[in-house]
Amino acid sequence: MDKKLFIISDVHAEHDLLLKLLKLVDEDEHQIVFLGDLIDRGPSAKATIYTVKQLVEEKNAICLTGNHEDIFLQWLDAPEEKMDWYLRNGGQATIESLLYVGVFDEESPVEMAAMIKSRYPDIVSFFQQLPLYYETEHVICVHAGINLLLEDWHETSRRDFIWIREAFHHAQNTTNKHIVFGHTPVQGLHGNLFNTGIWYHQHKIGIDGGAVYQGALHGLVMDKDSIEADYQIFNPQHKFEKYDNMNTEENAE
């Protein structure tokens with residue numbers, strides 16, 4: 001029997017919320033799918049990574065790459081050049097979680113990157129191997145979206161898989177499948193900072209509830225081509241921020 005999908009997106013190092021959500025998973029019934037952005041901004045990147053990594057390795061969970069995993073890897077490869085960009089995207093919290101609070105006062109970007117590479121080759125390898133999408137007969141899971149203007153959406157560029165926004169949100173869904181995505185907080189898609197519910201349009205389902213911004217971490221349960229349940233674990237600890245520029249591409253205007 002095919003398992004139902006239990007889909008989670010944009011944890012952003014809110015490990016406590018993730019543990020609460022995972023209590024709702026039934027291992028016999030659910031296939032867990034993470035849509036990426038495990039890290040940055042939130043307080044517990046290290047614990048979040050290892051929880052998800054263990055689920056992938058021991059429980060056959062699926063974890064996709066998000067733009068934040070991609071930024072992290074780019075920073076490791078060019079720590080001085082990419083430092084400002086990574087910090088603008090919440091990287092300090094991740095670096096401090098992997099090393100220690102105060103490391104920015106004592107080490108250079110090159111030294112911090114070298115320390116992480118030396119201490120956490122397992123994390124680096126894990127991130128490097130994350131796929132861009134997960135597809136079933138009825139559902140496409142992806143971090144940001146796909147290029148719906150292509151004859152074959154599988155040819156979507158890496159950049160679009162992890163960064164695309166309006167061009168995907170507004171395009172006609174011609175896949176004959178539900179597309180579940182994160183990346184863009186639903187508050188922005190709804191045009192309402194207080195609406196954390198899933199966004200649904202033309203069988204496109206947005207589930208990034210802005211958990212790290214006093215929103216909610218979603219667990220969407222899909223049974224073949226229908227939504228069976230949507231669980232929300234709310235985070236009261238963070239203040240709302242504007243949602244129009246949460247993630248910034250390095251050369252974006």
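This passage walks through a mixed sheet and two helix packings in a predicted model.

Start with the sheet. Five strands make it up, lined up in the order β4-β5-β6-β8-β7. The sheet is open, and its pairing is mixed. At the edges sit β4 (133-135) and β7 (199-201); each has a single partner strand, so one side of each goes without a neighbour in the sheet. On average, and with direction ignored, neighbouring strands here are turned by 15 degrees against each other.

Now for β6, residues 178-181. Strand β5 (residues 139-142) runs parallel to β6 and is joined to it by three bridges. In this pairing, V139 sits opposite H178 of β6. Strand β8 (residues 204-206) also runs parallel to β6, and three bridges hook these two together. Here the facing residues include I179 and, in β8, K204. As for which way the β6 side chains go, H178 and V180 point one way, while I179 and F181 point the other way. Whichever way they point, all of these β6 residues are buried.

On to the helices, with α2 (residues 45-59) as the common partner. Helix α1 (residues 15-22) packs against α2 with the axes coming within 9 Å and crossing at roughly 30 degrees. Angles under 35 degrees count as roughly parallel, and that crossing therefore makes α1 roughly parallel to α2. The crossing is left-handed. On the α1 side, the contact is made by H15, L18, L19 and L22, and these meet A47, T48, T51, V52 and L55 of α2. Sorted by type, the residues of this α1 and α2 contact come out as six nonpolar, three polar and no charged.

The other α2 packing involves helix α7 (residues 121-128), where the axes come within 11 Å and cross at roughly 60 degrees. Again the handedness is easy to state: α2 passes α7 in a left-handed crossing. From α2, the residues in this contact are I49, Y50, V52, K53 and V56, while α7 brings D122, I123, F126 and F127. By type, the α2 and α7 contact holds seven nonpolar residues, no polar ones and two charged. One residue turns up in both packings: V52 of α2 touches α1 and is also part of the contact with α7.

Key: Residues are numbered from 1 along each chain as its sequence is written. This is a predicted model: local features need pLDDT of at least 70, side-chain atom pairs count only at pLDDT 80 or more; totals for chains, interfaces and linings use all residues. Side-chain values use heavy atoms; hydrogens and water are left out. Axes are lines fitted to C-alpha atoms, for helices over the stretch in contact, and angles run from 0 to 180 degrees between N-to-C directions. Helices (H or I, at least four residues) and strands (E, at least two) are DSSP runs, numbered from the N terminus. A crossing is left-handed if the near helix is turned anticlockwise from the far one by less than a right angle, and right-handed if clockwise. Contact means heavy atoms within 4.5 Å. Ala, Val, Leu, Ile, Met, Phe, Trp, Tyr, Cys and Pro count as nonpolar, Asp, Glu, Lys and Arg as charged, and the others, Gly among them, as polar. Two strands pair if DSSP finds at least two bridges between them. Buried means under 20% relative accessible area, exposed over 50%, partly exposed in between (1.4 Å probe, protein chains only). Angles under 35 degrees count as roughly parallel, over 145 as roughly antiparallel, 65 to 115 as roughly perpendicular and the rest as oblique.
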